[in-house]
Amino acid sequence: MFRSDSTAHGHVVRRFTPDGGGSSTPPVHVQPRRLSYLERTTKRAMDIVGALIFFAVFGPLYLLVALGVRISMGRPVHFWQNRLGERGQRFRFYKFRSMVHNSEHVLDEFLSRNDMARTEWDTFQKLEKDPRITPIGQFIRKLSLDELPQFWNVLKGDMSIVGPRPCMERQRSLYGKGWEHYCAMRPGITGLWQVSGRNRLSYARRVELDVEYVNNWSLWLDIKILFKTVRAVITGEGSR
């Protein structure tokens, strides 16, 4: 059912305010904030309840997307990929398939022939016009529907609903001094990156946002990110 798909940097931390602004104080290096036992338990309980509510309410949508992928692209409907999560541990990360079967070969071939695309990939780890993505894949990515299988990751305990974006193994070196912050919490389906510009941001800025999230975490911040995520999905802001 699931298929494997492989699809600078010392960082400083700026103080983050929930309205998205930053203070004028100079950036400083800090250790990642550690959640207390009560905070971790509360966040985990909210994740489980949220994932169960999702499947109860949006189960038909999940099946509809799966059917669309199956009809348009054949099997498998899902793919899995190794990602790095809390404490840097590997886990299987699930998504609806949106790319051709030989995606890695297609990407390598495309980048070898296109210097501008290579620069774009090195900066963002994304492409505006990605040759691997199928037409229906483009559609479900635009609406973030390809992310829905990650609610299984939340139930399994690999991920949280809100947190840093799951990191690919080859992206480990891009985190620099921010790696300790990334490893401090479970990665999330959504987070500051998704509501702050998403694919318009460089990867270095994504790392900074992960650091800010960890150091300024609160349940209220998670709730604000969830509301902003709904708006970002509806408007398609920053999606690619």
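Biologist: In which helix is the place of Ile 53?
Modeller: This is a predicted model, where local features need pLDDT (the predictor's confidence in each residue, from 0 to 100) of at least 70, side-chain atom pairs count only at pLDDT 80 or more, and totals for chains, interfaces and linings use all residues. Residues are numbered from 1 along each chain as its sequence is written, and side-chain values use heavy atoms, leaving out hydrogens and water. Ile 53 lies within residues 37-73, which form a helix (a DSSP run of H or I, at least four residues; strands are E, at least two; both are numbered from the N terminus), namely α1.

Biologist: What does Ile 53 count as, and why?
Modeller: Buried means under 20% relative accessible area, exposed over 50%, and partly exposed in between (1.4 Å probe, protein chains only). Because its relative accessibility is 49%, Ile 53 counts as partly exposed.

Biologist: How many residues of strand β3 are buried?
Modeller: Strand β3 covers residues 90-96. This strand is mostly covered, the buried count being 5 of its 7 residues.

Biologist: Which residue in β3 does Arg 83 stand opposite?
Modeller: Strand β2, residues 78-84, runs antiparallel to β3, joined by 7 bridges; strands pair if DSSP finds at least two. Opposite Arg 83 stands Phe 91.

Biologist: Which residue in the turn between β2 and β3 has a positive phi?
Modeller: The two strands form a hairpin with 5 residues between them. A positive phi of about 60° belongs to Arg 87.

Biologist: How many helices and strands are in the chain?
Modeller: Of the chain's 240 residues, 50% count as buried. The elements begin with a strand and end with a helix. The chain has 8 helices and 6 strands.
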